[in-house]
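Got the viewer open? Walk me through this one, stop by stop: what should I select next, and what will I find there?

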Amino acid sequence: MSTEGLEALVREAREAFAVSADSVSLEDAKARFLGKAGSLTAMLKGLAALPPEEKRTVGAAINQAKQAIEAALEARRTALAESALAAQLAAEAIDITLPGRATDVGAPHPVMQTQARIEAIFRSMGFDVADGPEIEDDWHNFTALNNPENHPARSMQDTFYVDAQDASGKPLLLRTHTSPLQVRYARAHRAEAFAGKPIRVIAPGRTYRVDSDATHSPMFHQVEGLWIEEGIGFAGLRGVYQSFLEAFFEDSDLELRFRPSYFPFTEPSAEIDLRFARGPLAGRWLEVSGAGQVHPEVIRNFGLDPERHAGFAFGIGLERMAMLRYGVSDLRLFFENDLRFLRQFSTLGL
Ligand code: PHE
């Protein structure tokens with residue numbers, strides 16, 4: 001093999017590498033020159049047949065050619081890897097000038113905002129805040145509240161029953177009001193009441209009745225209130241309730257009216273109405289709570305002594321308060337989950 005022949009071979013290899021567009025064809029090209037059956041390998045094998053003198057010079061020339069081809073191969077490998085990386089980077093490029101995607105920030109539901117507001121006001125007046133089971137037994141929901149079995153007053157609260165029974169075999173039910181929490185809380189704190197400490201608590205929560213129209217929903221919220229203390233009565237109720245409403249509506253010009261009513265667990269009983277002097281609802285009496293002096297029979301069911309312990313209770317309709325505060329006319333809007341409605345409350349404070 002002549003020196004020109006070797007030079008031509010090196011040129012040929014360089015060209016073959018240069019036109020290899022990817023690593024697969026580059027490795028094919030490499031095999032043609034440097035592989036076991038490659039041209040250069042064949043030449044090296046041919047050396048054996050040459051006389052010793054030629055063997056040295058031809059061998060050195062072939063080696064040089066081999067190194068040149070290997071260098072060309074390595075250079076092409078590097079070039080291909082660099083352009084592959086550049087192509088990948090271009091394909092995965094992120095346009096950092098695009099505007100970001102905003103995340104939605106949640107907000108408390110308007111009814112929950114109202115609940116938190118009511119809790120804060122009553123806490124500031126020294127009330128504890130309690131809760132209890134939504135699935136109640138008959139005794140706490142009705143009987144302990146002086147609502148005897150088969151009494152027609154029970155039908156005032158048509159009820160959802162649960163397919164399970166209490167120890168006495170009566171079906172459990174979804175509580176129809178938060179008043180059973182009066183019983184649970186007072187019984188849990190009766191030792192304190194006997195020690196002369198007042199019971200002062202509100203208990204907000206979900207309640208259930210078979211009722212559905214613009215101002216009633218089968219699921220709604222109440223806030224129960226209870227104050228038991230020697231000598232406490234209607235005057236105390238009026239004072240507490242007036243302060244509460246003034247704080248809740250941030251309005252000290254509103255009027256309160258007690259309208260005689262009936263609840264089996266209070267005697268006397270009243271509906272509390274409220275009248276604004278200002279604003280869009282001014283001049284109309286609006287019903288906001290049932291209330292009354294706790295019935296002596298109920299005091300006894302609290303495990304307390306009706307000769308010593310007296311007090312008042314009230315039940316606030318939570319949605320009603322939210323409707324009045326925000327000027328919402330249909331209660332069902334609160335539970336339809338329409339974000340166009342709910343978003344309007346998302347920037348309001350408590
Ligand atoms: N539990 C009564 C209702 O749901 C409201 C109420 C509570 C009345 C406390 C008097 C005292 O209608």
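Start by selecting Arg-175: its relative accessible area is 3%, under the 20% cut-off, so this arginine counts as buried. Bear in mind that you are looking at a predicted model. Arg-175 sits in the loop that runs between β4 and α7 (180-188). Now show what surrounds Arg-175: leaving out residues up to four places away in sequence, it touches Gly-132, Pro-133, Glu-134, Glu-136, Asn-141, Pro-180, Leu-181, Gly-205, Arg-206, Thr-207 and Tyr-208. Zoom in on Pro-133, whose backbone oxygen is 3.1 Å from a polar atom of the Arg-175 side chain. For a sense of scale, put a distance label from Arg-175 to Val-240: 65 residues separate them in sequence, and their C-alpha atoms are 26 Å apart.

Next, the small sheet. Select β2, β4 and β3, which form an open, antiparallel three-stranded sheet in the order β2-β4-β3. The edges are β2 (135-136) and β3 (161-165); each has a single partner strand, so one side of each has no neighbour in the sheet. Follow β3 to β4 (residues 171-174): the two run antiparallel and are joined by two bridges. Which residue of β4 stands opposite Gln-165? Click across and you land on Pro-171.

On to the seven-stranded sheet. This one is also open, with mixed pairing, and the order to trace is β1-β5-β6-β10-β9-β8-β7. The edge strands here are β1 (128-129) and β7 (255-263), each paired on one side only. Lay α5 over the sheet and you'll see it pack there, touching β1, β5 (199-208), β6 (219-228) and β10 (311-317), with its direction at about 170° to that of β5. Back at the β7 edge, eight bridges tie β7 to β8 (residues 266-275), and the two strands are antiparallel. One pair to pick out is Phe-258, with Ile-272 as its bridge partner in β8.

Stay with the sheet and select Ile-228, which belongs to strand β6. Is Ile-228 buried or exposed? Its relative accessibility is 2%, so it counts as buried. Not counting neighbours within four places in sequence, Ile-228 is in contact with Pro-198, Ile-199, Val-294, Ile-299, Phe-302, Leu-304, His-309, Ala-310 and Gly-311. Check Ala-310 in particular: it is 82 residues from Ile-228 in sequence, yet the C-alpha atoms are 5.5 Å apart.

Now go to helix α5 (residues 110-124) and pick Arg-117. Arg-117 is another buried arginine, at 11% relative accessibility. Its side chain makes two links worth displaying: the side chain of Arg-117 reaches the backbone oxygen of Phe-248 at 2.6 Å, and a 3.3 Å polar contact connects it with the side chain of Glu-250.

Time to zoom out. Colour by domain: domain 1 covers 3-91 and domain 2 covers 110-345. Their C-alpha centres are 93 Å apart.

Last stop, helix α4 (residues 52-91). At 1.5 Å a residue, its 40 residues should span 58 Å, and the end C-alpha atoms are indeed 58 Å apart, so the two agree. Show the buried residues of α4 as sticks: Val-58, Gly-59, Ile-62, Ala-65, Ile-69, Ala-72, Leu-73 and Leu-80. What do they pack against? Turn on α1 (3-19), α2 (23-34) and α3 (39-46), and you have their packing partners.

How values were computed. Residues numbered from 1 in each chain as written. Predicted model: local features only at pLDDT ≥ 70, side-chain atom pairs only at ≥ 80, totals over all residues. Heavy atoms only, no water. Domains from an automatic or database assignment. Helix = DSSP H or I, 4+ residues; strand = E, 2+ residues; numbered from the N terminus. Buried < 20%, exposed > 50% of the residue type's maximum accessible area, 1.4 Å probe, protein only. Polar contact = N/O pair within 3.5 Å; in protein donor to acceptor, adjacent residues only side chain to side chain. Pairing = 2+ DSSP bridges. Contact = heavy atoms within 4.5 Å. Axes fitted to C-alpha atoms, helices over the stretch in contact; angles between N-to-C directions. Expected span 1.5 Å × (residues − 1).
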